[in-house]
Amino acid sequence: MKKRKSMNRRALALFTIFSLLFFILTYRFLAIQITGQVEGKELRAYAKERYAKDAILEASRGSILDRNGEPLAHDTITYKLVAVLDPSVSPKNTDSPKHVVDPEKTAEILSQYINMDKSDIYSILTKDAFQVEFGKAGRNLSYEQKNKIESLKLPGITFVRESKRSYPNGVLASHLIGFASMDYNDPNHHRLVGQIGIEASLNDYLQGKNGNIEYESDRWGYILPTSGAEVNEPENGDTVYLTIDRKIQTFLEEAMNEVNQEYEPTEIMGIVADAKTGAILAMSQRPTFDPNTREGIEENWQNLIVETAYEPGSTFKFVPLAAAIEEGIFNPNEKYQSGVFNVEGSQPIKDHNDVGWGEITYAEGFQRSSNVAMANLVKKMGTDTFRNYIDRFKFGMPTGIGLPNEAAGVIQYQWPRDQYATSYGQGTSVTALQMIQAMTAITNKGKMMKPYLIEKIVDDDGNVVKNSGMQELGSPVSSETAKQTLKMLESTVNGEHGTGKPFKIDGYTVAGKTGTAQIYESGKGLLTGWNNYLFSFIGVAPADDPELIVYVLVKQPNLDKEKYESGSVPVSKIFNSVMKNSLQYLNIKPDESIEKPVIHNIPDYTNKNVDKAIKELTNLHVKPVVIGNGKKVTATVPQANTKLIENEKILILTDKEMVMPDMTGWSKSDVMKFMKATGVHLNLEGNGFVVSQSIAPKTIVTKESTGDIKLQPPLKQLEQKNKKRDDDSSE
């Protein structure tokens with residue numbers, strides 16, 4: 001009985017407790033139903049706060065294209081590796097878990113596909129977190145990498161799609177274009193942001209405006225089918241068309257690469273501009289970098305062409321020359337005493353050979369790049385008048401090309417010697433863009449054009465939001481002055497005493513000015529030595545009606561002092577190649593009236609020593625090619641006493657077996673000359689210049705030998721080279 005009473009009391013207590021709980025729950029349920037509130041919050045608001053989501057819809061960054069619509073920078077899709085660690089995302093007793101079940105095995109497999117050690121991956125996978133990422137190693141994965149990892153079907157491993165900036169041409173114009181990288185500072189929103197170059201200066205145009213999507217989700221963040229998502233579409237970034245021409249830019253890059261490899265200068269700068277409009281068609285520098293990998297950027301972040309000012313040296317002389325012609329005080333036939341120009345209270349100004357050339361005309365003085373001639377002209381016109389022309393050509397102020405940190409240069413004009421030294425490019429500093437800008441006044445009949453890079457900017461709907469940056473800046477000199485200045489500049493290339501002879505181009509008349517500027521280094525002063533100069537040339541072509549301006553500067557190249565190799569050699573290797581290829585690409589016809597220098601009456605070298613013949617023919621400015629292993633000459637083609645054009649090939653046959661030369665780069669007429677000389681039969685395919693030969697160089701050949709020769713025009717060779725490079729980079 002006592003036991004039963006005890007059980008009844010416990011049962012009564014339990015009944016009372018459960019009744020109370022039921023009453024509380026019923027009251028709570030009714031209260032929520034009637035008031036619609038939970039803990040003082042509206043139930044609907046509480047549910048919305050917990051399950052309503054707002055996701056960013058990222059805008060695509062606008063592309064950067066060249067003037068012909070070729071891509072220079074554009075967005076590509078990459079993937080970010082993510083691992084879900086929370087078991088709550090996986091249904092119970094499932095065969096397909098949605099979280100990482102075996103961290104050790106997962107780490108071992110992933111280490112074979114991403115650049116991270118197994119131990120580091122394991123430590124990430126064992127964190128106390130809902131989901132984790134893998135830092136740099138887990139970002140920028142390609143579609144192929146994503147597919148390979150997905151095919152492994154690793155539980156909890158998933159991917160997030162991201163945008164990456166791609167630069168399909170590698171180092172091409174890299175400092176000009178710049179680069180954009182992902183900004184990870186905001187944990188809720190990552191976006192591409194321009195860091196340098198066009199990517200930075202036009203970031204507001206390129207970036208676009210993000211949209212968003214509002215929706216209701218379940219506890220794991222998946223959209224509920226009945227949520228009725230509200231979408232605000234993103235506004236994609238604008239497309240920027242530059243004035244850059246990718247093919248001309250390629251001509252410049254390749255020429256600079258060759259000189260950079262051969263001479264290892266500390267810096268190279270190169271610009272190609274439209275002589276009529278000021279549009280920049282190509283612009284590059286060394287050192288450079290690859291914007292895809294950032295390799296090389298640690299050597300130089302700066303855009304040297306935009307951000308640095310330097311003493312230009314004698315290339316600046318076209319400015320005082322134009323001023324003197326405009327003022328009516330330049331007489332090309334008037335004579336002056338070269339060598340020394342005395343400045344009161346200061347060291348005298350000397351010509352570059354210290355002694356001058358005696359009493360010569362101003363025309364000869366300009367051809368010889370006489371400093372004394374320039375100083376005399378400034379004295380004649382007056383230093384104040386010359387200063388006025390410096391302002392009219394807008395030196396000492398940025399061009400406003402629209403790139404970050406543009407330098408202005410400094411006009412050093414306080415003391416008399418500085419005033420005269422400015423006339424030959426010393427003391428005063430300028431920028432490469434200012435030099436291009438000033439030269440447009442000479443090439444464009446006195447009208448000076450602002451250098452510009454933007455052809456147009458177009459929004460996502462095709463509307464032009466910003467037009468061309470072409471702008472006329474006034475007329476520093478008259479059309480007649482510009483014409484006379486061009487004639488004098490042409491004489492420095494083609495005249496008897498011209499310093500610009502290395503810059504002659506077959507088929508085109510070139511006008512321009514050389515420069516050799518001293519280099520000042522902090523703590524050391526002015527540097528001395530054979531190589532320690534900034535060598536340059538600013539040239540235009542065709543000289544009678546210029547289409548292009550090409551400005552090249554090479555700083556401290558490794559010249560061969562024993563051979564007295566001048567600084568014009570590496571500069572001309574860039575200028576001549578770029579100017580000629582660009583003119584041909586633009587279909588500017590050669591001037592057929594230009595006569596090439598002719599070498600008369602080639603001597604008879606029959607039975608003479610081969611080495612002696614090579615030396616003498618080289619001195620005659622023709623190119624001897626030996627076809628054989630012998631020591632004595634048996635014949636030459638063309639024969640003795642014939643006329644040859646300068647740099648034409650002359651084939652030398654010897655007293656031993658004939659040997660196949662390397663014909664790469666030979667013209668069709670040169671190959672025909674070889675067949676005539678040797679009797680070897682070659683099947684010719686195509687036109688232009690030799691790109692391949694079936695008979696290997698140094699192979700012994702006879703009159704019975706046959707082979708194939710393939711020729712291509714220069715532009716076709718370039719296109720195939722670019723295509724191969726693009727294919728290689730895509731692989």
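Okay, let's start with what I mean by helices and strands: they are DSSP runs numbered from the N terminus, H or I of at least four residues for a helix, and E of at least two for a strand. Keep in mind that this is a predicted model, where local features need pLDDT of at least 70, side-chain atom pairs count only at pLDDT 80 or more, and totals for chains, interfaces and linings use all residues. Residues are numbered from 1 along each chain as its sequence is written, and side-chain values use heavy atoms, with hydrogens and water left out.

So, first stop, the loops. Lysine 698 sits in the loop between β33 (689–693) and β34 (700–701). Its phi is positive, about 75°, although lysine 698 is not a glycine. Is lysine 698 buried or exposed? Its relative accessibility is 74%, so lysine 698 counts as exposed. For the cut-offs, buried is under 20% relative accessible area, exposed is over 50%, and partly exposed is in between, using a 1.4 Å probe and protein chains only.

Arginine 294 also has a positive phi, about 65°, and is not a glycine. You'll find arginine 294 in the loop between β14 and α10. Here the relative accessibility is 24%, so arginine 294 counts as partly exposed.

Stay in that loop for a second. Proline 287 lies between β14 (280–286) and α10 (304–307) too, and a cis peptide bond joins arginine 286 to proline 287, with omega about 5°. There's another cis bond from alanine 541 to proline 542, omega near -15°. Proline 542 belongs to the loop between β24 (533–541) and β25 (548–555).

Now on to a sheet. Quick reminder: strands of a sheet pair through backbone hydrogen bonds, either parallel or antiparallel. I call two strands paired if DSSP finds at least two bridges between them. Which order do the strands take in this open sheet? The three strands run β27-β30-β28, with mixed pairing. β27 (623–627) and β28 (633–637) are at the edges with a single partner strand each, so one side of each has no neighbour in the sheet. From one strand to the next, the twist averages 25°; angles run from 0 to 180 degrees between N-to-C directions, and axes are lines fitted to C-alpha atoms, for helices over the stretch in contact.

Zooming in, β28 pairs with β30 (residues 649–654) in the antiparallel sense, over four bridges. Valine 637 stands opposite leucine 651 in β30.

Last bit: helix α20 (residues 668–678) lies across β27, β28 and β30, at about 20° to β30. Contact there means heavy atoms within 4.5 Å.
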